[in-house]
Amino acid sequence: PYPVWRRMRDEQPLYYNELYKFYALSRYEDASAALTDWQTYRSGRGSILEVIRANIDIPSGMILFEDPPRHDLHRALLARVFTPKKMLALEPKVREFTARCLDPFVGSGTFDFVADLGAQMPMRTIGYLLGIPESDQEAIRDRQARSLTGGQESADLYQAVTVDSSMFVDYIDWRANNPSDDLMTELLTAEFTDETGTLRKLTRDEVLTYVTLLSGAGNETTTRLIGWTGKLLAEHPDQRRELAADRSLVPNAIEEILRYEAPSPIQARYVARDVELYGQTVPAGSIMTLLNASANRDDRHFPDADHFDIHRRIDRHLSFGYGIHFCLGAALARLEGRVALDEILRRWSEWEIDSENATMDRTSTTRGWRRLPAFLG
Ligand code: HEM
């Protein structure tokens, strides 16, 4: 699997793509070191290849595309309302949303891991958290998914998290006058110290940025995780049966699935100063990509890394990134992955992928299945 990445790791650990003019680090040690060195490898022009190239104005608060000190201030602000405790308290809701997706298929013999669960449950969860009515969630997700994967080669997360943000404006305005106990209300009412040291509430535009960031960053990636769960466990029936017999193995299996198939396989950075690597100079102003999906398959860090093993002891994979931009939603993503698999296994322990009708999405930001129909046993 992934012979190109293996060759890069073994033969060109610092790779340069002449045609598209970017560098790549594919080994675990190199990618993780670069992810923690934000002074050199910057996100402020975007952390997606196409965004850095396009030289786009980035809205304030889009922490994925910010550097310290701004990043830290904005991240702390978001982290104050979007806490792991709050995420974990969602478990009963996540279970309910998952059951609602799965129950109609009990006895039906077929089920699509992505269309029927992966594309639904994470959207319901984040929608619930933000206080977006269920009746409107579908339309929002469709538009996000379309801007993320819709036809264009350069489809990217940036579009998903910004271009279609206008659809949230109405909710924000409405919520401002009708407070509830959701995250949007908290963002609207909490007071924060801004860059100038002033204590104030967020503006509507700032709330909009946070809301679109959360819904954009949290949906597609988790959809991919659920797709890969269906696929990898179809390919490893013994491990699937073992999981069905002992569901306490589920959390570790989710970590292994995340390691094995990183839903967000590449992070990009702008290189702020000349760097010496493997006897070469990477000049300031270059674009560096960090291939976390390749790093996760690096035998130097994970013994026999191409072997999928739900029992593997994983210290740290790079699927949620590393360093100051480490995924803010990791606790929620893990919860969703764990509950999804647990609920699937409560209903079915046998499935096979209907490969003829399965289709894949590949963009520079996500990698996974768009359709993954399965025959259930
Ligand atoms: C950041 C992956 C789910 C919100 C990141 C980064 C990665 C990532 C790799 C770092 C990007 C970089 O360094 O440039 C994933 C994966 C997920 C997932 C694989 C699911 C399996 C979620 C969820 C949410 C979320 C559910 C929220 C609802 C964020 C935010 C950031 C982020 C806000 C930016 C953090 C920062 O820049 O400080 N994610 N994510 N993610 N993620 Fe996730």
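Here are some questions and answers about the predicted model shown above.

This is a predicted model, so local features need pLDDT of at least 70 and side-chain atom pairs count only at pLDDT 80 or more, while totals for chains, interfaces and linings use all residues. Residues are numbered from 1 along each chain as its sequence is written, and side-chain values use heavy atoms, with hydrogens and water left out.

Me: Which residue is the only protein donor of the iron atom of the ligand?
Reply: Donors are N, O and S atoms within 2.8 Å of the metal (3.2 Å for Na, K and Ca), and water is not among the atoms, so sites may look incomplete. The donor atom here is an SG, at 2.3 Å from the iron. That SG belongs to Cys 327.

Me: And where is Cys 327 placed?
Reply: Helices (H or I, at least four residues) and strands (E, at least two) are DSSP runs, numbered from the N terminus. Cys 327 lies in the loop between helix H16 (292–295) and helix H17 (330–347).

Me: Which residues of H4 are buried, and within what arc do they fall?
Reply: Buried means under 20% relative accessible area, exposed over 50%, partly exposed in between (1.4 Å probe, protein chains only). In H4, that applies to His 71, His 74, Arg 75, Leu 77, Leu 78 and Val 81. They line one face of the helix, because seen down the axis of H4 (using directions from the helix axis to the C-beta atoms) they fall within an arc of 160°.

Me: What do the buried residues of H4 pack against?
Reply: Contact means heavy atoms within 4.5 Å. By that rule, the partners of these H4 residues are helix H5 (84–88), helix H12 (183–189), strand E5 (191–193) and helix H13 (204–235).

Me: Is Arg 347 buried or partly exposed?
Reply: Arg 347 sits in helix H17 and touches Ala 99, Leu 102, Asp 103 and Val 106, not counting residues up to four places away in sequence. Its relative accessibility is 24%, so Arg 347 counts as partly exposed.

Me: How many residues apart in sequence are Arg 347 and Val 282, and how far apart in space?
Reply: Along the sequence, Arg 347 and Val 282 are 65 residues apart. In space, C-alpha to C-alpha, the separation of Arg 347 and Val 282 is 52 Å.

Me: What share of the residues of the protein chain is buried?
Reply: The protein chain has 17 helices and 14 strands. Of its 377 residues, the share that counts as buried is 57%.
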